[in-house]
Structures are given as C-alpha cells and as structure tokens.
Amino acid sequence: MGYLFITPTILLFIIFTIIPVIMAFYLSFTNYDIVSKNDFVGLDNYKRLAEDNIFWTTLKNVLFYSVLYIPLNIAISLSMALLFMRSRFGVKLFRTAGYLPTLTSGVAAATVWIWLLNPEFGLVNDILSKFGITGPSWLAEMPYAMLSIVLVTLWQSVGSNMIIYLAGLNGVPDHLYESAKLDGANAWQSFRYITWPVLRPTTFFVSTMAIIGALQLFDQAFVLTKGGPANSTKTTVYHIYQQGFNQLQMGYADAMAFALSIIILVFSLINMRLNKEESVI
C-alpha cells in the first residue's frame, strides 16, 4: 500500500522537476527565442558565455556580495539566537520581532527600503543629518548600492536562521556546560569548545543555504537598484532574466542558468569539504 503514496510523489517530481531540467538543458544548445527559432547550435551559447563580459561582471558582483552577506548572516543570526535562548521576561516578543521580517516578501520589503534609503527624504539620511552627517545616495553610488542590498537581505534573512540556531542550541546537553563550569571554563571557552562544535551541522546547513541564496540573488537587486550604478549590483540571475524575458534569448539564458548551477554546486561541495575537515580537527 505504501507504493500508492510514493508513486504520485515520484511522478510529480519527474513531471515538474526532471523533465523541465532536461528540456532546459537541451534548449541551452539551441537558439530558442520563444517565438519562432529553435535550431540546434551546439556549444555556441557556452562559447558566447565565456566571452560575455557582463556575465563575468555579474558573477564578480554576487561573489563580492556573498563574501559580505554569508559571514554576517551566520554571525548575526547566531548572536541573536544566543541572546534570545534563555528564558527572560519579554524574550518571546523579541524572538517574534526578529523573525517577522522573514515573513515579508522580497519585493515588498525592498520597496519599503527604497523609501528608507532615499537620499532626500529617507529616514536613514534624516537620522544621520541630526548628527551632522550628510548621507549618500545609498542606491545610486558605489559602493553604497551593494552595501544597501547586503543590509536589506540581512534584515530579511537573519530571523529564519535565528530560529534554526535556536533549535540547535536547545539540542546542546546542559551537562556539558555544567562540567565546563566546574572545570573553570568561562563563557567564551564554553562557546568555543562546546557550543560551536555541537552547532557545526547547523552551521553547515545555514551556510549552504546562504551560499545558494546569495548566488541566486535577484529580487532585491531588481527592485532596489535595477543592477546599477554601472552594473555594480547586477546579479547573474538578473542577467539571465534580462536575456531570457527581455531579449527573448531563451537558449542563451538556459546556458547561463546551467553554468550558474554548476558554480553553486562547486561552492556547496567546497563548503561541505571544509565542514568535514573541521569535524576531523
């Protein structure tokens, strides 16, 4: 009887995942433009990809974004979890407040932040002006545009990772802390030798999801800056979107999508390897 429940799941997975992936992979070798063309062109799309300066620029942009976003995401979400893990008065309220931004859509949140970061009447520059600081055009100047995107995405994502870390912290046995305290360990030593090693699987999951999300950044860059100024915040997925839906070059867009998938896979495997090496150490 169990097969009756498993078979529909497998069937849906094949129809909505396996078949579309195979079709997209085939289209990456064609000049498909949605309207009329669908000729096989071999490796032309991938050769064009290797010579596409904008593609490499977007890749450098998301890598720079990832270097800032991923460590800050882990550090802030773990710090929030450590701060809110103990039962104190009002701690549930702060947990809820920290998680609420996660529930907002990326587009809606970015739209609100456009107003907050407006150089003329935005709240951020208004607060800075009260301290005698002239705020920049956050979304129109380099490097503030990318830093603004990092800020917005962190604000929206650390809440969910905080919940994940809270679940991990609840799994740390109390007797380990009690033994460490008896041995004279301070708070930092307890964190370094007990909390952090126990949370390594949790951190691996959080970092892997952060890597995937960072390399696939689209919503915030699209709404906040439209890839500007001078393509400094243009992301790879945004470039894929423009080529596929604006230029109707679906074949080339599929080739870029598969190249990005391979890059994400490589970085995920590197992260897995580093996590295993830390476990051995």
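This text walks through the structure from its overall make-up to single residues.

The model is predicted: local features need pLDDT of at least 70, side-chain atom pairs count only at pLDDT 80 or more, and totals for chains, interfaces and linings use all residues. Residues are numbered from 1 along each chain as its sequence is written, and side-chain values use heavy atoms, with hydrogens and water left out.

Start with the whole protein. It has 13 helices and zero strands. Helices (H or I, at least four residues) and strands (E, at least two) are DSSP runs, numbered from the N terminus. Along the principal axes, the C-alpha atoms fill a box of roughly 75 × 65 × 40 Å. Of the 281 residues, 39% count as buried. Buried means under 20% relative accessible area, exposed over 50%, and partly exposed in between, with a 1.4 Å probe and protein chains only. Contacts here are heavy atoms within 4.5 Å. Of the contacts with a separation of 6 or more, 67% join residues 24 or more positions apart.

Next, the record. An unreviewed UniProt entry carries the annotation "domain: ABC transmembrane type-1" over residues 59–271. UniProt positions are given in the numbering used here, feature names are shortened, and annotations may be inferred rather than shown by experiment. In the model, residues 59–271 are 75% helix and 0% strand. The end C-alpha atoms of that span are 18 Å apart. The unreviewed entry also places the feature "transmembrane region" at residues 9–29, 62–85, 97–116, 144–167, 198–218 and 255–274. Two of these spans can be looked at in turn. Residues 198–218 are 81% helix and 0% strand, with end C-alpha atoms 33 Å apart. Residues 255–274 are 100% helix and 0% strand, and their end C-alpha atoms are 29 Å apart.

Now turn to a helix pair. Helix α7 (residues 144–170) and helix α10 (residues 200–215) pack at an angle of about 165 degrees. Their axes are 9 Å apart. Axes are lines fitted to C-alpha atoms, for helices over the stretch in contact, and angles run from 0 to 180 degrees between N-to-C directions. α7 and α10 are therefore roughly antiparallel to each other. Angles over 145 degrees count as roughly antiparallel, under 35 as roughly parallel, 65 to 115 as roughly perpendicular and the rest as oblique. N161, I164, Y165 and G168 in α7 meet T202, T203, F205 and V206 in α10. The residues of this contact divide into four nonpolar, four polar and no charged. Ala, Val, Leu, Ile, Met, Phe, Trp, Tyr, Cys and Pro count as nonpolar, Asp, Glu, Lys and Arg as charged, and the others, Gly among them, as polar.

N161 and Y165 also appear in the surroundings of S77. S77 is found in helix α3 (residues 53–84). Leaving aside neighbours within four places in sequence, S77 is in contact with V158, N161, M162 and Y165. S77 counts as buried because its relative accessibility is 0%.

Finally, the loops. P143 is found in the loop between α6 (123–129) and α7. The peptide bond from M142 to P143 is cis, with omega near 0 degrees. A second cis bond runs from G228 to P229, with omega near -5 degrees. P229 lies in the loop between α11 (219–224) and α12 (236–246). K226 is found in the loop between α11 and α12, and A230 lies there too. Phi of K226 is near 55 degrees, a positive value in a residue other than glycine. Phi of A230 is likewise near 55 degrees. A230 is exposed, with a relative accessible area of 71%.
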